[in-house]
Amino acid sequence: MTERLQTKRQTQGALGILIPYAKVYRWRLALVFCLVIAVVVIDLAQPYLVKEAIDNCVAVARPDARAIILMTAAYLVLVLLSFALTYYQEIMLQSVGQCIVRAIRIDLFTHIQKLSLRFFDQNAAGRIITNVVNDTEALNNFFTQFLANTLRGGFSLILITFFMLQLNVTIALYCFLLIPVIVALSFFFQRILRKVNGEIRNRFATAIAFLAENLSGMAIVQIYHQEAKQQKKFDDRNKALLKATIHENRMHLLFFNITELLGDLGVAALVWFGGRGVIAGSISFGVLYAFIGYIRRFFQPINTITQQLNVLQASIIAAERIARTMQERPDIAELPGATAPMIRGEVLFAKVSLAYRPGHTVLREIELTIRAGGRVGFVGASGAGKSSLMNLVTRFYDATEGAVIIDGKDVREWPLDALRQTVGIVQQDVTVFSGTVIDNIRLFRQEIAEELVREACRLVGAERFILKLPQGYATIMSECGSTLSAGERQLLSFARVLVFDPKILILDEATASLDSETELVLQEAIHRVSRGRTLLVIAHRLSTVQEMDYIVVLDQGNIVETGDHGELLQRQGHYWRLHQSGLLLDEAV
Ligand SMILES: Nc1ncnc2c1ncn2[C@@H]1O[C@H](COP(=O)(O)OP(=O)(O)OP(=O)(O)O)[C@@H](O)[C@H]1O
Ligand SMILES: [Mg+2]
């Protein structure tokens with residue numbers, strides 16, 4: 001029980017993340033809430049005004065035409081005023097809500113960018129996207145729906161109660177008898193609706209996830225003729241979604257109609273009892289009219305408020321998820337006061353072990369020294385741990401045991417930005433961002449001159465294909481990034497390396513076999529970019545390995561052999577077997 005209470009308190013605390021954002025807009029929010037209250041007062045004054053008109057101007061011995069016109073004019077003014085204020089208040093509330101959402105989104109993105117790669121291993125991109133897009137939108141509902149409607153509903157109820165009691169205490173008390181019925185009904189239906197809504201959200205997410213997976217894997221779907229099967233699966237998911245949605249609609253309608261019916265019954269009862277009162281002369285006709293107006297308005301706020309419980313719950317869940325992301329701390333953090341050493345480019349692995357997950361060691365006690373300016377090739381079967389070893393140098397992950405030491409300093413004691421300026425990487429899959437070719441190479445750093453970028457492209461031999469693109473260097477890559485060949489992408493990332501000029505360069509060679517011409521261009525590019533740098537190459541190509549001063553053979557997380565190409569072949573061990581089995585690709589013929 002205490003545990004449940006505690007979790008309840010914690011979850012409600014999640015909404016606390018909104019406070020700093022709401023504070024920025026406190027005056028506007030306060031104005032919105034004043035407007036909400038004003039609108040309620042104006043709306044509820046209407047039946048009262050009509051009652052006054054009936055009792056004092058119409059149902060009297062000598063009806064006063066001038067007074068009726070005045071009353072009508074006043075009524076019209078109230079209606080127009082209510083319309084204008086509601087409009088203004090809604091617009092303002094929506095804009096405050098959206099501004100808050102925007103601020104939270106930016107903060108979330110900024111925060112997520114700082115997180116370590118481990119976070120991205122554990123959280124699928126889809127979940128993070130939902131977090132940044134949908135959960136923030138759910139928080140918007142907290143302001144625009146929950147706060148506004150609860151305030152409006154609560155205040156309406158209080159005011160209606162006040163007006164009713166003011167008009168006639170006995171009838172008012174009879175009307176209040178309906179409150180428990182409507183509250184019970186609301187709770188009953190809201191519980192069902194909440195469940196159905198959760199179901200809809202789940203099914204919707206499943207359908208979206210399925211769609212996303214299929215879009216990115218379209219080539220596989222088509223090549224294996226899976227279209228019909230996938231279509232059937234998609235259809236099933238959509239059917240499930242449709243069923244849940246129809247169920248929800250049905251429940252909604254039923255609830256709506258039942259409350260309407262209750263309202264009608266209330267009106268009928270009023271006419272019955274009140275009518276008799278009017279005939280007996282115990283109440284005026286105006287009072288009866290006003291009661292009818294109020295009882296109709298009585299149900300709406302009760303409904304709205306109970307509906308807000310769902311909004312509140314959804315907001316809390318969203319806030320919790322956002323808070324959880326915000327609470328994630330990067331496990332790769334910088335030591336306070338870290339300073340960079342003199343940069344030469346020497347890399348030392350001192351008994352380095354790595355386990356991504358406890359118990360699953362992927363690197364075991366790696367011992368290796370790479371002198372500044374050295375060129376080392378890493379080879380090994382798939383899954384041997386080559387990329388993992390490189391992940392430690394860039395500090396995408398930290399070693400579980402031992403240390404990676406660059407220029408005499410443990411990488412964990414380096415300032416992160418200095419480390420990442422020193423260590424550059426060209427990955428197997430080159431990411432292309434939406435933007436021009438130039439921006440893709442200088443990674444949107446406007447301070448890097450275009451001429452420098454062109455120079456780099458010329459040096460690595462990328463200019464040839466870039467000039468063939470529709471707008472040359474100014475071609476926007478979002479549309480054709482995916483149409484670049486693997487070799488062309490690698491050339492782009494070589495140009496990046498030249499522009500950013502890291503002292504240590506890690507190269508994860510593309511595994512795909514390339515045509516001999518591209519192969520030659522790449523070979524030349526590697527040659528050029530590696531000049532004056534320490535080079536760590538995960539090599540898949542014989543032509544690359546042969547050029548290295550030194551080759552390290554990895555197998556299941558261990559260094560099993562080292563030496564140059566000739567020595568290793570002579571030894572007829574692991575390297576030789578890799579070579580024989582064709583794992584090292586010969587130049588394309
Ligand atoms: N982020 C990660 N989280 C958990 N396990 C991982 C992660 N990255 C790699 N592994 C595991 O670590 C082992 C080594 O993977 P690694 O990527 O280093 O292999 P590799 O030698 O680079 O292979 P390839 O030549 O196919 O790129 C594999 O068993 C892999 O499943
Ligand atoms: Mg790899």
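Helix α12, residues 386-393, gives the most to the shell around ligand 1, contributing 3 residues. The model you are looking at is a predicted one, and the ligand site is a good place to start. The residues surrounding ligand 1 are Asp 121, Tyr 356, Val 362, Gly 380, Ser 382, Gly 383, Ala 384, Gly 385, Lys 386, Ser 387 and Ser 388. Sorted by class, this shell holds 6 polar, 3 nonpolar and 2 charged residues.

Let us step back to the whole chain. The protein chain has 22 helices and 10 strands. Its radius of gyration is 36 Å, well over the 25 Å that the globule rule gives for 589 residues, so the chain is more spread out than a compact globule. Along its principal axes, the C-alpha trace spans about 120 × 50 × 50 Å. Of the 589 residues, 28% count as buried. Among contacts with a separation of 6 or more, 80% are between residues 24 or more positions apart.

Now for the interior. In soluble globular proteins, nonpolar side chains tend to be buried together. Here are two cores side by side:

| Core | Residues in the core | Some of its members |
|---|---|---|
| Largest nonpolar core | 66 residues | including Phe 378, Val 379, Val 460, Phe 494, Ala 495 and Leu 536 |
| Second, separate core | 21 residues | including Val 40, Ala 138, Ala 148 and Ala 314 |

The six residues named for the largest core are those with the most contacts inside it. Helix α18, residues 486-500, gives the most to this core, with 6 residues.

Which residues does Leu 536 contact, leaving aside its neighbours within four places in sequence? They are Ile 370, Val 376, Phe 378, Met 390, Val 393 and Ile 506. Phe 378 is thus a contact of Leu 536 and also one of the core residues with the most contacts. Met 390 and Val 393 are on that contact list too, and both numbers fall within the span of helix α12, residues 386-393.

Finally, a look at one sheet. Four strands form an open sheet in the order β2-β1-β4-β5, with antiparallel pairing. At its edges are β2 (360-370) and β5 (409-410), each of which pairs on one side only. Val 362, from the shell around ligand 1, lies within the residue range of β2, as does Ile 370, a contact of Leu 536. At the other edge, β5 pairs with β4, residues 401-406, in the antiparallel sense over 2 bridges. Ile 406 has Lys 409 in β5 as its bridge partner.

How values were computed
Residues numbered from 1 in each chain as written. Chains lettered and ligands numbered in written order. Predicted model: local features only at pLDDT ≥ 70, side-chain atom pairs only at ≥ 80, totals over all residues. Core = buried A, V, L, I, M, F, W, Y, C linked by C-beta atoms within 7 Å. Buried ≥ 20, exposed ≤ 12 C-beta atoms within 10 Å, placed from the backbone. Contact = placed C-beta atoms within 7 Å. Near = placed C-beta within 6 Å. Nonpolar A, V, L, I, M, F, W, Y, C, P; charged D, E, K, R; others polar. Rg over C-alpha atoms; globule rule 2.2 N^0.38 Å. Pairing = 2+ DSSP bridges.
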